[in-house]
Amino acid sequence: MAALPEFTMEQVAAHQSDDDMWIVVDGNVYDVTKFKRAHPGGAGVLKIYAGKDCSQEFFAMHKAEVLEKWGRKLIKGTVAGAQAGAMQSTANAHHIDVTPYSEPSFWMGWQSPYYNESHTTFRLKLRAFVRDVLRPDAVEGEDTGDYPTAELYRAMGTSGLLAARIGKAVMPFLGMIPGIELEATLGVKPSEFDHFHEQIAHEEMGRGLGQAPGFNDGLGAGFCIGLPPVLHFAPAHIRDKVVPEVLRGDKRICLAISEPAAGSDVAGMLTTATKTADGKHYIVNGVKKWITNGMFADYFVTAVRTGSGRNGISMLFISRDMGVETKAIKTTYSGSAGTALVILDDVKVPVENLMGLGNRGKEGQGFACIMYNFNHERWFIVAQFLASCRLCIADCFKWATQRMAFGKPLIEQPVLRQKLARMAGAVESAHALLESVTYQMDKMPYKEQSLKLGGPIALLKYQSTRAGALVADEAVQMFGGRAITKTGMGAHVERFQKTYKYAAILGGSEEVMADLAIRQQMVGPAMQAKL
């Protein structure tokens with residue numbers, strides 16, 4: 001690409017008329033003569049700065065991504081002798097962000113026993129995929145409420161992103177599924193894939209789609225918690241058919257546990273499954289509620305009652321064509337998540353669709369399957385959620401350095417630095433626990449994880465969502481009116497402050513998590529210790 005011409009500020013000043021208008025932002029010269037008519041803030045404000053350097057004023061009211069969007073179309077050249085400006089120190093959307101605490105410590109230059117070059121390559125390739133392929137539809141879909149298309153799911157399937165979000169356990173299947181290009185697209189071999197790669201996959205979804213939390217959940221929140229039970233608990237004839245379909249993006253799946261009368265109290269569910277007289281089918285009756293992706297799912301991994309009490313809960317694999325009906329539930333975020341009321345009226349399910357431990361269908365094992373699956377669900381929620389927290393922190397740091405108030409940048413106000421410290425401290429400590437738990441997941445077999453990590457993961461989720469509440473509160477105070485405005489500088493913060501409570505409720509409420517974190521440690525010698 002040819003070098004851009006240089007101009008002196010005297011030359012720029014000669015272009016300040018209505019039919020010939022230039023401005024300078026961040027050392028670059030832009031011709032806004034035609035653009036001024038499309039400028040969202042009107043032409044008048046541009047006239048004020050015609051022929052002048054308005055970098056400070058620009059960054060007080062715009063994100064750097066505005067220059068990414070419009071800069072290439074409007075640029076005329078650079079200012080002679082200009083120093084590298086804000087855009088030189090603002091990370092390209094595909095690159096690692098340089099803003100303090102905006103990335104996990106390894107990517108900010110620290111040493112780590114957990115990561116290697118494969119993880120860095122994977123993160124950057126995935127970041128580009130999310131930004132270029134998913135984000136355009138996500139930002140629009142968040143506002144319209146449209147569901148993610150089948151084409152978008154297939155793009156995630158082909159790239160290997162869907163497989164990456166299920167993780168290490170699914171990698172042996174990839175060799176039997178043609179068309180999934182994990183290594184070619186995302187730069188990691190299935191044989192090298194570990195739980196830290198999966199953690200990164202969830203983080204990049206949380207970060208890259210932070211402005212579209214509803215659409216982000218539409219892109220696979222139900223999938224992330226619905227396919228693992230098929231992998232671990234479904235009979236082989238279901239597993240071997242469904243896993244490839246879903247990983248390619250050809251079919252969509254969700255988990256149907258919660259009911260109007262049973263949320264965190266899983267044992268309180270009322271949906272029944274009664275065997276037919278010939279013993280060949282179950283007849284399922286009941287209602288499931290708040291089922292993410294339920295509106296467009298083809299498959300429903302469903303908890304049912306086949307007996308009384310906790311030991312009377314079973315798990316069935318049900319497909320939509322068996323007679324499942326769904327109705328949309330309007331929630332705080334976008335309808336693009338496909339949150340559904342799932343209606344099961346005399347749904348006829350083959351007994352061969354019963355799921356159980358060890359991929360053997362058996363009645364009464366549903367509660368154990370649910371509890372085992374909760375560990376992965378809660379861990380995935382945390383990884384994605386903490387990345388969204390970091391996005392807010394990054395926006396707050398950038399805002400504090402470019403926003404002028406009372407004659408100086410906000411970052412020079414000690415009270416604002418205190419807010420940044422509280423946010424960063426809470427998120428960094430939670431993330432350290434996340435990495436520790438992920439390491440244990442990578443070293444323990446699935447059954448051992450299920451037995452040993454329930455309490456620590458519950459504690460991790462509790463600590464993370466408490467950190468998120470602090471981030472939401474402090475970020476809103478830092479952005480002021482912009483934090484309650486859907487577009488512009490505070491758009492990420494606005495979405496986050498409306499939706500951070502999802503993480504505190506889904507997968508088990510904070511109160512249940514805190515209790516579980518302690519109760520699961522109250523066993524054996526630990527309870528014999530005396531002061």
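Here are some short exercises on the structure above, each with a worked solution.

The model is predicted, so local features need pLDDT of at least 70 and side-chain atom pairs count only at pLDDT 80 or more, while totals for chains, interfaces and linings use all residues. Residues are numbered from 1 along each chain as its sequence is written, and side-chain values use heavy atoms, with hydrogens and water left out.

**Exercise 1. Find the annotated domain and describe its span.**

Step 1. Start with the record: an unreviewed UniProt entry annotates residues 4-80 as "domain: Cytochrome b5 heme-binding". UniProt positions are given in the numbering used here, feature names are shortened, and annotations may be inferred rather than shown by experiment.

Step 2. Now look at the span itself. Residues 4-80 are 36% helix and 25% strand, and their end C-alpha atoms lie 11 Å apart. Helices (H or I, at least four residues) and strands (E, at least two) are DSSP runs, numbered from the N terminus.

**Exercise 2. Which residues touch the most other members of the largest nonpolar core?**

Step 1. Know the term: a nonpolar core is a set of buried Ala, Val, Leu, Ile, Met, Phe, Trp, Tyr and Cys residues joined through side-chain atoms within 4.5 Å. Buried means under 20% relative accessible area, exposed over 50%, and partly exposed in between (1.4 Å probe, protein chains only).

Step 2. The largest core has 108 residues, and Leu134, Leu227, Val230, Leu247 and Ile253 touch the most other members. Helix 15 (residues 366-402) gives the most to this core, with 19 residues.

Step 3. Compare with a second, separate core of 19 residues, which includes Ala256, Tyr282, Ala340 and Leu354.

Step 4. Zoom in on leucine 247. Leaving aside neighbours within four places in sequence, its contacts (heavy atoms within 4.5 Å) include Gly157, Leu162, Phe223 and Leu227.

**Exercise 3. Follow the salt bridge of aspartate 97 and the network around it.**

Step 1. A salt bridge is a side-chain nitrogen of Lys or Arg within 4 Å of a carboxyl oxygen of Asp or Glu. The structure holds 24 of them.

Step 2. In one of these, the side chains of aspartate 97 and lysine 398 meet at 3.0 Å, N to O. Aspartate 97 lies in the loop between helix 5 (86-89) and helix 6 (117-144) and lysine 398 in helix 15, so the pair ties together parts that are 301 residues apart in sequence.

Step 3. Check how covered each partner is. Aspartate 97 is buried, at 6% relative accessible area, whereas lysine 398 is partly exposed, at 27%.

Step 4. Widen the view: Asp97, Glu103, Arg123, Arg127, Glu203, Glu204, Arg207 and Lys398 are linked in a network of salt bridges. Arginine 207 sits in helix 11 (residues 195-208) and counts as buried because its relative accessibility is 14%. Beyond neighbours within four places in sequence, arginine 207 is in contact with Asp97, Ser102, Glu103, Arg127, Ala387 and Leu391.

**Exercise 4. Describe two more salt bridges and where their partners lie.**

Step 1. Arginine 422 and glutamate 474 meet through their side chains at 2.6 Å, N to O. This pair links distant parts of the chain, with arginine 422 in helix 16 (residues 414-443) and glutamate 474 in helix 18 (residues 454-479), 52 residues apart.

Step 2. Arginine 422 is partly exposed, at 37% relative accessibility, while glutamate 474 is buried, at 7%.

Step 3. Turn to glutamate 494 and lysine 498, whose side chains form a salt bridge of 3.3 Å, N to O. They are separated by about one helical turn because they are four residues apart in helix 19 (residues 491-499).

**Exercise 5. Is asparagine 293 buried or exposed, and what is its phi?**

Step 1. Locate asparagine 293 in the loop between strand 8 (281-291) and strand 9 (299-305).

Step 2. Its relative accessibility is 1%, so asparagine 293 counts as buried.

Step 3. Its phi is near 75 degrees, a positive value in a residue other than glycine.

Step 4. Try aspartate 26 too. It lies in the loop between strand 3 (20-25) and strand 4 (28-31), with a positive phi of about 60 degrees although it is not a glycine. Aspartate 26 counts as buried, at 12% relative accessibility.
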